[in-house]
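Here are my notes for anyone opening this one for the first time. Have the sequence and the 3D view side by side while you read.

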Amino acid sequence: MKKNFRPEKELLFLALGGSGEIGMNVNLYGCDGKWMMVDLGMTFSGNEYPGVDLVFADLEFIEDRLDDLTGIVLTHAHEDHIGAVPYFAAELDVPLYATPFTAELVKRKLQEAGLSGQVELNIIDDLEQFQVGPFGVRYVPLAHSIAEGNALVIDTPYGQVFHTGDWKLDEDPIIGEPTSEEELRAIGDDGILALVCDSTNVFNPNPSGSEGAVYQGLLEEVGKHTGKRVLVTTFASNVARLQTLGEIANETGRQICVAGRSLDRIVEVSQAHGYLADFPKPVDFDTAMRLPRGDVMIVATGGQGEPRAALSRVADGNHPIELVRGDVVLFSSRQIPGNEIPIGKIQNKLADRGIVMVTDRQSMIHVSGHPGRPELEAMYSWLRPEILVPVHGEIRHMREQVRVGREAGIEHNVFQKNGDIVRLAPGKPGKLAEVHSGRLVLDGDLIVPADGESIVMRRRLAHNGLVIVALSPSLQPTIEGYGLPLDEDYEDFLSEAKSDVMKAIKGLKGNAHKDMGQIMEAARLATRRATQRWSGKRPQVKVMMIGD
């Protein structure tokens with residue numbers, strides 16, 4: 001490989017996101033001088049990035065090689081696979097490829113971003129191979145917690161790659177027809193060089209379970225709560241779960257009410273593409289609140305603790321949907337790692353109001369959309385790959401899948417993480433080089449480095465507060481502190497800090513007492529020492545000169 005990392009007569013793999021974390025999936029395949037991107041996702045920010053909602057993979061590597069990028073193939077419509085499209089597609093300026101349901105959601109995102117007509121979006125509505133530069137690609141339907149979940153078979157001169165996307169095995173998926181065992185064995189018979197595989201649930205010793213089984217579990221659970229208002233929270237994109245809930249509403253004689261804009265959008269797009277054909281017509285909030293309590297079932301967003309989602313507002317009592325003591329909330333979704341605290345806060349609010357809660361730990365009301373270990377082992381046996389490359393997981397997940405693959409007899413098990421260029425062929429597979437990868441954040445209207453000065457400063461301010469020192473022309477200081485734990489002692493602190501600043505300035509020797517830079521630094525250090533003495537905090541201190 002040349003130093004510019006342009007693929008030669010070889011097959012390369014490079015993850016820029018999603019390998020070492022769950023979310024933000026961006027994968028690149030390199031072959032004969034060209035790159036192809038698979039998925040362009042995002043993740044949601046936590047407390048790590050104050051004031052930020054969205055986090056993206058840093059695409060610097062491929063942005064520096066745009067002439068070699070041939071296209072972006074999208075496996076399915078979850079945000080961690082398509083969420084970054086409206087923020088980067090125009091700049092990348094290559095065609096997008098997606099199945100109809102995914103394409104419709106992407107199209108709406110592009111419209112909202114004002115990019116209608118500016119990005120080429122190719123809708124692939126069959127399972128025939130299409131060409132993306134030197135790559136022959138075809139979709140292979142697999143079950144997942146969304147309509148039109150797909151793997152990709154990527155055909156290259158150096159062998160075929162089976163890129164799973166997000167998947168599970170489900171004999172009763174409710175929505176769609178996933179590829180059968182026989183069809184997957186036939187793909188394996190054609191020869192699979194590398195299996196690039198979802199690692200999310202590798203620690204689960206059991207199969208993920210069937211969506212059909214959730215129907216029975218939810219039906220029994222809703223049936224227990226006659227005369228009570230029932231709210232079910234689930235992932236908006238889980239079309240099969242929405243289909244199940246619509247059927248349960250009919251079965252239990254309840255009207256359905258949908259709370260959440262993302263749910264409204266998914267229902268609309270699903271019905272436009274032939275899904276949810278029998279979904280009952282939802283009633284509005286006012287009608288739902290006038291119905292007898294046992295005659296309505298609310299489907300709401302917010303099961304991951306999102307502060308602006310419907311469930312959070314219901315829990316706070318500031319949503320048109322109202323729950324009272326004895327009403328029921330069913331959490332028909334898994335708790336995504338990292339969301340434990342916000343979910344716990346909502347659940348505590350609901351519990352404090354006497355609202356009954358049921359999760360998948362208490363009742364069969366949810367199954368994962370990702371494969372447990374038995375499903376991984378089954379896929380290995382059907383496809384019989386020469387190489388296993390775990391992706392879509394934290395480091396611990398991917399390391400464990402390497403171990404599982406080795407135990408299953410796969411010859412080459414390649415651990416990689418974001419930024420690692422892996423050669424899959426020719427020769428023995430393994431890591432070739434490490435290139436820049438990282439994170440960007442949407443901060444206000446700007447996309448900036450996640451480790452940039454603005455985010456770093458915001459963290460410092462959040463942890464230690466801020467003190468501003470204004471020096472008059474006569475060098476008399478005025479001091480104001482923000483975020484300091486000095487409520488009762490604040491005035492005494494200000495008096496002492498002011499005295500310390502004046503002493504520090506008067507104590508400057510020689511020409512230093514005329515040097516404005518040294519005067520301001522002396523004031524800064526004196527203020528910081530006084531603040532630390534009084535509060536134990538080491539705040540950011542900003543010194544400025546003011547006029548007459």
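The points below walk through the sheets, a few helices and some odd backbone spots.

1. Before anything else: this is a predicted model, so read every value below as computed from it.

2. Let's begin with the eight-stranded sheet. It is open, with mixed pairing, and its strands come in the order β8-β7-β6-β3-β2-β1-β21-β22. At the edges sit β8 (121-123) and β22 (430-434), each of which pairs on one side only. Leaving direction aside, neighbouring strands here are turned against each other by 25° on average. Helix α4 (residues 100-112) packs on this sheet, where it touches β7 (96-98) and β8, and its direction makes about 155° with that of β8.

3. Stay at the β22 end for a moment. Strand β21 (residues 420-425) and β22 are antiparallel and share four bridges. To find the register, look for V422, which stands opposite K431 in β22. The loop between β21 and β22 holds P426, and the peptide bond leading into P426 from A425 is cis, with omega near -5°. That bond is easy to miss in a cartoon view, so switch to sticks.4. Now the seven-stranded sheet. This one is also open and mixed in its pairing, with the order β9-β10-β11-β12-β13-β19-β20. Its edge strands are β9 (130-132) and β20 (412-413), and each has a pairing partner on one side only. On this sheet packs α13, touching β13, β19 and β20, with a direction that makes about 155° with that of β19. At the β9 end, three bridges link β9 to strand β10 (residues 135-141) in an antiparallel arrangement. There, F130 stands opposite V137 in β10.

5. How much of α12 is covered? Helix α12 (residues 373-383) has eight of its 11 residues buried. They are R373, E375, L376, A378, M379, Y380, W382 and L383. Their packing partners are β12 (159-163), α5 (181-190), β13 (194-198), β19 (387-391) and α13 (395-407). Right after α12 ends, R384 takes a positive phi of about 55°.

6. Helix α15 (residues 490-506) shows a clear division of sides. With 17 residues, α15 reaches 24 Å from its first C-alpha to its last, close to the 24 Å expected at 1.5 Å a residue. Which residues of α15 are buried? They are Y490, F493, L494, A497, D500, V501 and I505. These residues cover an arc of only 130° around the axis, which means they lie on the same side of α15. The general rule behind such a pattern is that an α-helix has 3.6 residues a turn, so residues three or four places apart point the same way. Facing away from the buried side are the exposed residues E491, S495, K503 and K506. As for the cover over the buried residues of α15, it includes β25 (466-471), β26 (477-482) and α16 (516-535).

7. Strand β23 (residues 439-443) is worth a look too, with four of its five residues buried. Strand β5 (residues 54-57) runs antiparallel to β23, joined by four bridges, and A57 stands opposite R439. Strand β24 (residues 446-449) is also antiparallel to β23 and joined to it by four bridges, with V441 and V448 as bridge partners. Together β23 and β24 make a hairpin with two residues between them, and G444 in the turn has a positive phi of about 70°.

8. Two further loop residues deserve a check of their backbone. D93, in the loop between α3 (85-92) and β7, has a positive phi of about 55° although it is not a glycine. H392, in the loop between β19 and α13, likewise is a residue other than glycine with a positive phi, near 50°. Are these two buried or exposed? D93 is exposed, because its relative accessible area is 60% and the cut-off for exposed is over 50%. H392 counts as buried, because its relative accessibility is 4% and buried means under 20%.

9. Last, the cysteines. How many disulfides does the structure hold? The count is zero. Two cysteines you may want to click on are C31, which counts as buried at 0% relative accessibility, and C197, buried at 0% as well.

Definitions and conventions: Residues are numbered from 1 along each chain as its sequence is written. This is a predicted model: local features need pLDDT of at least 70, side-chain atom pairs count only at pLDDT 80 or more; totals for chains, interfaces and linings use all residues. Side-chain values use heavy atoms; hydrogens and water are left out. The expected span of a helix is 1.5 Å times one less than its number of residues. Buried means under 20% relative accessible area, exposed over 50%, partly exposed in between (1.4 Å probe, protein chains only). The arc is that of the directions from the helix axis to the C-beta atoms. Contact means heavy atoms within 4.5 Å. A disulfide is a pair of cysteine sulfur atoms within 2.5 Å. Two strands pair if DSSP finds at least two bridges between them. Axes are lines fitted to C-alpha atoms, for helices over the stretch in contact, and angles run from 0 to 180 degrees between N-to-C directions.
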